[in-house]
Amino acid sequence: MAQRLHRLGNFAAHHKWVVLGAWAIALIAVIGLVKTEGANTSNNLELPGTDSQAATDLLQERFPPQQNGQNPIIFEAPRGEKVTDAENKSAIQESFDAMKKLPHVYSATSPFSQRGQSQISKDKRIAFLTVLLNIGNEKVTEGLAQRFLNAAEPARKAGMKVAAGGQIGSELSEPETGSSDLIGLIAAMLILTFTFGTLVAMGMAIMPAVLGLLVGLSLIGLLGHVTEVPTIAPTLGTMIGLGVGIDYALFMVSRYRTHRAEGMSTEDAIATSVGTTGTAIVFAGTTVILALVTLLIAGIPLVTSLGYASAFAVLTAVLAAISLLPALLALVGDRIDSIALPAFLHPKPKPADQGFWGRWAAFVTGNPGRAVALMLAVLIPLMVPFFSLELGQEDIGATPKDTTERQAYDLLAKGFGPGYNGPLLVAVNLGDEPAKPSEEFNKQYAKAQDLQTQLEEEQAQGETGAESLQRSADALEAQESALLAEKDALETKAGDLKTEKGRLQKNATRLSKQRGILTQLEPLVGEAVALVRQAATLAAEAAELVARIERIQAAEERTTDRVRLAQLQRREEQLQDQLNGVRDQQKELNQQGKELAGEVKRLKDEATKLGGEAFGIAIMAAETAAQALTLVKAKNKLIQQAANLKVKAANLNTQKVQLEALQQQAAVQQQQAEKLKNTLTQELTLAGGDKRGTDTRLVNLQEGLTDAVGVALVSPPGINDDGNAAVFTVISDTDPADQDTADLVNTIRDYVIPQEAEGEDMEAHLGGSTAGNLDLADAITSTLFLVIFAVVALGFLVLLMAFRSFIVATQAVIAIVLAVSAAFGVLTAIFQFGWGISLVGIDTAGDSVPIASYVPLIMFAVLFGLSMDYQVFLMSQIEHARAGTKGNRSAVRLGLAAGGRVISAAALIMMSVFGSFILNGDPTVKQFGVGLSVGVFLAALAVLLFAPAIMTMAGEAAWWVPKWADRFLPHIDIEGTSAEEDDGNLDGQTRSKRDSMKL
């Protein structure tokens, strides 16, 4: 391989424009493809074999697009106002109508709809609408997401705060990495400038790293069209690609400058550098790539995708270092040391065995035991928190407050509770028996219909009876008014009679002469008066009898005792007989009145003879008597009519009592109907307005979910058209990252679903992003040590093959594992324990932030690969020194002194790049930034302290390998010795000079 790389370097040196043109074409092509096709990333979480994936698959198969999840758009009314105020409600509804018209909207639910009643907070200050898209999350672009936020402009104009959650919010909240990249790049440039002492050399290390990274990121973006790539992959690729790209360029430029200092021509120096350091770069890069690809063993698509994406960034960094960088070096030529720093900023390099690194190497090789103890004293305390590491999930509640997804998170938690930020989805497979209304519901529904029909009939009957009763009452009132009028007329006539009597009495003096005649008339008048009195007495008796009869009739209507009823009826008959007797007497009086009228007529005839005034007076007296008799008759008639009216009134009262009884019965039935209606309404509400939701299987599961500890709300079931699948949304009392939420997930899966599904034709799975992240954590936990073992075993074999030394490989594996474990400890202390979490720029309501489950796994692979790089470079230096010196201790000292400066510079660059990403707003990126930067520091410290100390303590045994292994292990030329040997213009003395000048 060294010879092939030597020829590649030679080609690049002599055909620099061809190489640069090829890279320009490749760069333009991939960037153009990304601009045309787009960089496709998503947060879709596929976990084959898990319960959450089973839920997603079921929804995707039978209830699409429910598997995509809802996207909430949240509105908060201004202080002192409510979302239900007319203006705010109108603005939200207008925003809702605008969103419904946007492309890819499958359905949307307004907070003011019947189904969206739970989408308004109790204080009515916050509301949210939900949007379900008919495309997968990976196809939601930033442009589409922005259109939804723009559609809420009416709400913003009304003074409301608007925020978006779900995939829409996530797409609009991806933190910019530009500032982190720039800071890391500037730090690397400063380190390279002080390392090389010239700005041109620094530029030669930066340019290929940046250009290689651009190609790598473009490939990662295009990879998303072939397989799902997480949204964090480009950021992770930037961190790793930029770091290793600059490091590899640093090694290459350092070797090139050394060869130029030895007197080589530009072309030979390039070819030799590519053949030697290029071989180490390829080997180191391959080691990192293998460590990342080994993540495939985990069997987790998310982790595998992150590994592939990061591997692309490393691959392009290696290609840029062995092809683009040589062409750039050929382009610069002798100007590599141009624009040098002032001497006081860059002292003249001292020989490798002198200066700081010479003293460092002397201390380590002279005191290997102390060096090991010092290393362990640093690592062991840092490792302690690692044993408390708990894998969690990404916490949106720790993202920057200026992002819309964090604002949505806070508003939902404020208005509805933290559980609304991570709803759980229970997907139900109803098997071969589709959902249908329960028998109990059907019975209640039929009973409600019967009651309704009966009530309608009774209501119609009651209305008819009430109308008839009202008409009768109106007629009685009219008759009563007529009787009152007649009574008034009679009273007027009686008054007239009294007046006439007085006038007659005044004329009595003038009529004395007719006294005789009048004397004859007096008996008649007395008889008339007696008749009037007797008629009045009889009328009073008749009225009394009528009243008593009415009372007996009323008693008959009320009594239910047959004996009592018979007695009353007999009494009524007796009184009726008495009434008839009175009426007969009235008839006799009438007859006597007629006879008296005849006698008066006779006297009138006699009075005619008397003539004059006396006769007229007699006539007037007789007429007065006759009028009095007529009044008596009229009065008797009125009394009879009044009695009849009272009888009719009694009958009406009886009808009224009967009607009221009917109305009371109807009221009781109405209450029963209302109660049954409320029961049906409640059942239908719980069923989401779908009768099929009353299926006993769904009802029992819904009740079981509701009764589970930690559940705040269970939505009505959503049932597909075929009725063979349903979905419940479960809201927990705690936020998605809380351990109580994880306990709830386990409770539902281990107890609720099995109990409710037992013996039923039903299968249920718990999914959603929260459950998926917990499944991811469980999957990573179960495979973590397998992946670690595979990566460690692979690293051990690679080092064993590279250096054919059991001690080299063993100490490297131990050192790397200890360093990575210590880095995990620091990560745990800062994020999980919350020690100094504010120092890394995280603003969260809690005291800590969960460590994303995939962070430790990816960190281990990356750090192991990068640590292997440092091990390879150091051991190659020691091996090279060992070939020209006597004794292992001396070789270790010279190798450490020669490689210390470059390895430390490379580590500082890597730390700067990784550390700059702590400024990124994404908490997960911060975790990578902290973990990787600390890990690189500890890995470099282990390489510069622990590894040489162990090699010194092992002596010559450090290079021992079992004979059986020696026969099978391939020979790998890490430093490209064969390429140097092919370069005939270097003699031993020149090579020795070169070796002493290596950094």
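Where does P65 lie? In this predicted model, P65 sits in the loop between α3 (51–62) and β1 (71–76). The peptide bond that leads into P65 from P64 is cis. Its omega is near -5°.

Backbone geometry was then examined at two residues with positive phi. H104 is not a glycine, yet its phi is positive, at about 70°. H104 belongs to the loop between α4 (86–100) and β2 (105–109). The relative accessible area of H104 is 38%. H104 is therefore partly exposed, as this value falls between the 20% limit for buried and the 50% limit for exposed residues.

K124 is likewise a residue other than glycine with a positive phi, here near 60°. K124 is found in the loop between β2 and β3 (126–133). Its relative accessibility is 34%, so K124 also counts as partly exposed. Strand β2 thus borders both loops: the H104 loop runs from α4 to β2, and the K124 loop runs from β2 to β3.

Strand pairing was considered next. Strand β6 (residues 424–429) pairs with β10. The sense is antiparallel, and the pairing extends over five bridges. Within this pair, V428 of the β6 range stands opposite A764 in β10.

Strand β10 covers residues 763–767. Four of its five residues are buried. Strand β10 is largely enclosed by the rest of the structure because so many of its residues, four of the five, are buried. In general, side chains in a regular strand alternate between the two faces of the sheet.

Definitions and conventions. Residues numbered from 1 in each chain as written. Predicted model: local features only at pLDDT ≥ 70, side-chain atom pairs only at ≥ 80, totals over all residues. Heavy atoms only, no water. Buried < 20%, exposed > 50% of the residue type's maximum accessible area, 1.4 Å probe, protein only. Pairing = 2+ DSSP bridges.
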